[in-house]
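Reader: Hello! Could you take me through one part of this protein at close range, and then show me how some other parts are arranged?

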Amino acid sequence: MSIFSGGKLVLHIDDILFCRLKYMLQRDTTQGNIREYLHECQQQLATECLFMATAPSSRMNPGHISTQRQDLLKWNGWGYNDSKFVVCKDKDYYVTFSGNRYKIGNNMVLPHFGPWVKDTLGVDFDDCTPALQQPLQVPQPIINKEFMSEFEQLGISYSTDNEDRLFRAHGHTLAEIFTLRQGMFPRVPDLVAWPSCHGDVEKLILLATKHNVVIIPIGGGTSVSGALLCPENEERMIVSLDTTQMHKILWIDANNMTACIESGIIGQDLERRLRAQGYTTGHEPDSYEFSSLGGWVATRASGMKKNIYGNIEDIVVLVKCVTPRGTVERHTAGPRISAGPDIQQFILGSEGTIGVITDVTLKVRPVPPVQRYGSIVFPDFSSGVNCMREVAFHRCQPASIRLMDNEQFKFGHALKEPSRLMGLVTDGIKKIYLTRIKGFDVNTMCVATLLFEGQEEQVSSQEKKIYSIAASHGGISAGEANGLRGYMLTFVIAYIRDLGFDYGIVSESFETSVPWDKVQVLCHNVKHCVRTKCLEYNIKHIFVTCRVTQTYDAGACVYFYFAFNYRGLSDPVHVYEEIEGHARDEIIGCGGSISHHHGIGKVRRRWMEKTFTKPGLGALTAIKNYFDPTNVFANGNLF
């Protein structure tokens with residue numbers, strides 16, 4: 001039985017029944033239970049089919065990214081085409097945010113942001129350098145005729161259109177977007193292929209191996225590690241294997257609370273469709289509006305709510321990956337297995353170097369009935385870190401708890417929407433209370449944002465514990481609105497970099513994980529390192545800030561933002577990369593890791609020798625060489 005929409009086959013009921021029955025057989029082989037389970041599956045699927053058959057196409061595949069991504073997303077910047085920060089002029093310059101996808105949208109005036117940008121980064125709004133409106137000449141494709149002759153017989157959708165090729169030639173590092181705004185990459189994919197299922201991927205990789213063609217997988221394209229860049233000297237034909245047309249939820253197993261999902265599904269689409277059935281993965285990285293499930297697995301991603309749901313490696317049950325040697329998968333879906341080294345760990349974090357992830361079985365949970373936000377103001381960063389450490393020690397973390405330093409606290413304030421009269425009065429009272437009564441200094445205070453999820457009793461208990469711990473470290477509750485706003489701004493901040501480019505500002509983020517006893521030293525030393533190096537380059541206007549975003553028993557994730565005014569510099573990208581390189585050396589010197597969740601790609605590849613010993617790196621290389629002996633997956637990541 002199949003369901004069609006717009007002439008396309010979107011659901012294979014027989015395949016889903018078979019998959020569900022297969023897992024049932026692995027659990028229980030009694031004939032009565034099999035019949036009962038099969039009947040249950042048929043009833044559930046009949047309900048799902050009715051829902052889908054009567055649903056409009058937008059509901060059937062909500063948020064799905066089409067093959068022409070440029071129709072929805074910016075070709076040379078972050079996010080949706082209709083969403084961006086805009087500089088306007090009346091009596092003076094002011095900033096608004098366009099589109100209606102975010103709370104600060106609908107061209108809402110942000111009265112504090114313009115002055116903050118001018119004061120902090122020395123921006124002159126009369127000095128604007130807009131990006132290219134259209135791409136420059138895209139390099140001509142290299143076509144392997146023998147490969148194409150057989151490939152066209154597979155029936156897999158593909159394109160050699162310049163826009164399609166360029167859109168998949170990059171991720172979102174500072175260097176990549178800067179290049180798009182002013183020039184062109186020396187090498188881009190020669191062809192974009194859109195397989196629609198695991199079988200298509202197997203056929204494509206078999207053919208690429210046969211004809212010595214390079215495959216570079218791409219999901220959402222949100223990489224910030226240079227992972228999607230084509231090696232400049234690659235002379236073979238390069239195929240960008242775009243997984244986003246593999247976006248089906250194949251089945252949901254309510255008994256075992258798992259779901260099998262194709263790897264190309266985009267994060268927000270996955271969550272929306274699961275929630276329609278009453279489930280969630282709880283995995284929400286900052287990029288989840290645009291990043292894909294396969295990308296999460298390939299980079300060992302982390303989500304904002306990992307305290308409850310776990311990082312991607314904690315919620316993955318099974319992974320299916322197609323390599324030049326064949327398909328790699330584990331046959332048992334048990335919750336744990338003791339059978340030597342876990343082959344799935346070769347796939348998590350492999351960054352497209354050994355194969356293409358096609359299907360992933362994830363843990364799911366019921367949608368929590370209660371979700372509440374909160375925030376806490378601390379007199380200084382040290383008090384906030386100590387509070388987070390104690391919260392982690394007692395293992396009472398909410399879904400998300402993130403601590404921003406003073407610089408980021410002020411930055412967040414600059415993005416506040418206009419206040420009405422009562423809002424101004426309330427803000428004034430709060431400021432008087434914090435500064436005059438409690439003695440907080442506006443130049444040292446910082447804030448933590450909180451997100452609670454679960455049953456009412458759990459959330460209420462958790463709130464009491466956390467606010468009690470915070471009070472013992474000098475923290476004061478700052479209300480739910482600030483927490484909600486901080487959570488929303490997570491998705492908006494990425495748009496600011498595009499505005500900065502127009503006015504001579506380059507900016508980027510980088511992250512690390514570090515033991516608890518080194519968190520404060522690392523934060524201080526890295527910011528000091530960045531400021532010192534900026535002085536050596538005679539950079540006068542800089543912004544460097546950090547936040548503690550994830551907590552663990554043994555340490556935390558620290559996230560840095562860094563921006564500077566590059567007017568007067570001939571090569572700002574090179575200068576930025578030099579300064580960030582020194583910052584990463586400082587991170588490693590302070591006991592931090594090369595990356596917590598962004599991955600390695602090409603940008604952080606040179607620090608791998610400081611992460612593992614030579615035998616460890618040798619083992620990783622040997623795995624790559626076994627699965628991919630002719631280097632079909634030649635994206636140059638990791639090694």
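Author: Happy to; what follows starts at one threonine and then moves on to strands, a helix, an arginine and a surface patch. Please keep in mind that this is a predicted model.

Let us begin with T490, which sits in helix α18, spanning residues 480-492. Is T490 buried or exposed? Its relative accessible area is 8%, and since the cut-off for buried is under 20%, T490 counts as buried because of that low value. Its side chain takes part in a polar contact of 2.8 Å with the side chain of R402. The T490 side chain also reaches back to the backbone oxygen of G486, at 3.3 Å. In general, an α-helix has 3.6 residues a turn, so residues three or four places apart point the same way. If we set aside the neighbours within four places in sequence, the contacts of T490 are D286, M304 and R402. R402 thus appears both in that list and as the side-chain polar partner.

Next, a sheet. Seven strands form an open sheet with antiparallel pairing, in the order β20-β17-β19-β18-β22-β23-β21. The edges are taken by β20 (476-477) and β21 (505-515); each has a single partner strand, so one side of each lacks a neighbour in the sheet. Further in, β22 (residues 542-551) pairs with β23 (residues 555-565) over nine bridges, in the antiparallel sense. One of the residue pairs to look for here is I542 with its bridge partner F564 in β23.

Another strand worth your time is β13, residues 316-323, where seven of the eight residues are buried. Strand β13 has antiparallel pairing with β15 (residues 356-363) through six bridges, and V322 has V356 of β15 as its bridge partner. Strand β13 also pairs with β14 (residues 326-328), again in the antiparallel sense, over three bridges. There, C321 faces V328 of β14. The link from β13 to β14 is a hairpin of two residues. As a rule, side chains in a regular strand alternate between the two faces of the sheet.

Now to a covered helix. In α9 (residues 267-276), seven of the ten residues are buried, so the helix is largely enclosed by the rest of the structure. Those buried residues are G267, Q268, D269, L270, E271, R273 and L274. Just after α9 comes G278, which has a positive phi of about 90°.

For a residue with some exposure, go to R101, in the loop between β4 (93-97) and β5 (108-110). R101 has 39% relative accessibility and is therefore classed as partly exposed. Its side chain makes a polar contact of 2.9 Å with that of D82. The two residues are 19 apart in sequence, and their C-alpha atoms are 8.7 Å apart in space. Apart from neighbours within four places in sequence, R101 is in contact with L72, Y80, D82 and S83.

Finally, the surface. F612, L620 and F639 together make a nonpolar patch of about 250 Å². L620 belongs to helix α22, residues 614-627, and is partly exposed because its relative accessibility is 32%.

Definitions and conventions: Residues are numbered from 1 along each chain as its sequence is written. This is a predicted model: local features need pLDDT of at least 70, side-chain atom pairs count only at pLDDT 80 or more; totals for chains, interfaces and linings use all residues. Side-chain values use heavy atoms; hydrogens and water are left out. Helices (H or I, at least four residues) and strands (E, at least two) are DSSP runs, numbered from the N terminus. Buried means under 20% relative accessible area, exposed over 50%, partly exposed in between (1.4 Å probe, protein chains only). A polar contact is a pair of N or O atoms within 3.5 Å; within protein, one must be able to donate a hydrogen and the other to accept it, and residues adjacent in sequence count only if both atoms are side-chain atoms. Contact means heavy atoms within 4.5 Å. Patches are made of residues with over 30% relative accessible area and no salt bridge: like charges are joined within 9 Å, nonpolar side chains (Val, Leu, Ile, Met, Phe, Trp, Tyr) within 5 Å. Accessible areas come from the Shrake-Rupley method with a 1.4 Å probe; for residues, only the protein chains shown count as cover. A salt bridge is a side-chain nitrogen of Lys or Arg within 4 Å of a carboxyl oxygen of Asp or Glu. Two strands pair if DSSP finds at least two bridges between them.
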